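Grab a pencil and have a go at a few short exercises. Try each one yourself before you read its solution.

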Amino acid sequence: MPVIGTIFYAFLAIVAVGSALGMLINRNAIYSALFLVLNFATVAVLYLALGAPFIALSQITVYAGAIMVLFLFVITLLGAEKLPGYEPIKGHRIVAIGLAFVFIAELVLFFFFRNQVTGPIPLIGPEFASPRNIGVLMFTEYLLPFEVVAFILLSATVGAIMLTKPERKSTTKLSQQQD
Amino acid sequence: MPLGYFLGLSAIMFTVGVLGVILRRNALVIFMSLELMFNAANLVFVTYASYYQILIGQIFVFFVMAVAAAEVAVGLALMVAIFRTKHSIDIDQMSSLKG
């Protein structure tokens, strides 16, 4: 592994973890959302390095584009970017950070003590995950999950419209007629 | 690049997401932490897809993205609906169902 590659991956890891921590710590929700966009972009670069260009560009368009625009829109719509800082349960921050360290330690121990030898990730050509190959696999073998996901998106759209629709006038008219 | 690098990065990102859900009280930031956890899981999917040279991992990442988009749409609509009645998105005040 050349040194320049190590520097590249270390830089990406530092940016990804740093932006995730920035999202966690920042009090202002808008800054949290922008840190999360940075994190998504960094993970997209990691996908590119792993030989997944289609997933990387979907990540940019779907996550960093559509989903985060929705988040920023709702944050500015509600005007709820700041909450007063108080601790509802005493010492619950310290307990949570301790539990997080336990969780990381468990994951690291699992990785080091399982009986499986792992080599480096092999280099793969651009043909492996080309959009053509992904499309062929998705529309032949995985057609049913694709249709199910399409139906989930449709029902989520209908649900979102139903939830945010203002109160209907016709029900009040009906009750007035009954009076 | 060794496999452990990507798994470790994903584990750290997932833990930051869990911490966000536990520590923050702004419901929107909790949703963002959920997205971060989805992202960490997707990274493991793509890592093993290129480690074992099978494409199915990347296809499932695509499905996870679509379902996450649906979840965000419904979740943010719920946030707007809750904000209309309670005029706050502090999750400590969403305790009407508490016995």
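Below are three exercises with worked solutions, and the model they use is a predicted one.

**Exercise 1.** Work out which secondary structure elements make up chain B, and in what pattern.

Solution. Start by counting: chain B has three helices and zero strands. Next, walk along the sequence, and the pattern reads α-α-α.

**Exercise 2.** Find the radius of gyration of chain B and set it against the value for a compact globule of 99 residues.

Solution. A compact globule of 99 residues would come out near 13 Å, but chain B has 17 Å. Now look at the box around the C-alpha atoms: along the principal axes it is roughly 50 × 25 × 20 Å. Then check the burial, where 48% of the 99 residues of chain B count as buried. Last, take the contacts in chain B with a separation of 6 or more: 44% of them join residues 24 or more positions apart.

**Exercise 3.** Decide where A:Phe103 sits, and whether A:Phe103 is buried, partly exposed or exposed.

Solution. First, place the residue: A:Phe103 belongs to helix H4 of chain A, residues 92-113. That helix has 22 residues and spans 31 Å from first C-alpha to last, close to the 32 Å expected. Second, count neighbours: A:Phe103 has 15 other C-beta atoms within 10 Å. Being buried takes 20 or more and being exposed takes 12 or fewer, so A:Phe103 is partly exposed. Third, zoom out to the helix: zero of the 22 residues of H4(A) are buried, so H4(A) is hardly covered. Finally, look across to chain B: beyond its neighbours within four places in sequence, A:Phe103 is in contact with B:Thr15 and B:Val18.

Methods:
Residues numbered from 1 in each chain as written. Chains lettered and ligands numbered in written order. Predicted model: local features only at pLDDT ≥ 70, side-chain atom pairs only at ≥ 80, totals over all residues. Helix = DSSP H or I, 4+ residues; strand = E, 2+ residues; numbered from the N terminus. Rg over C-alpha atoms; globule rule 2.2 N^0.38 Å. Contact = placed C-beta atoms within 7 Å. Expected span 1.5 Å × (residues − 1).
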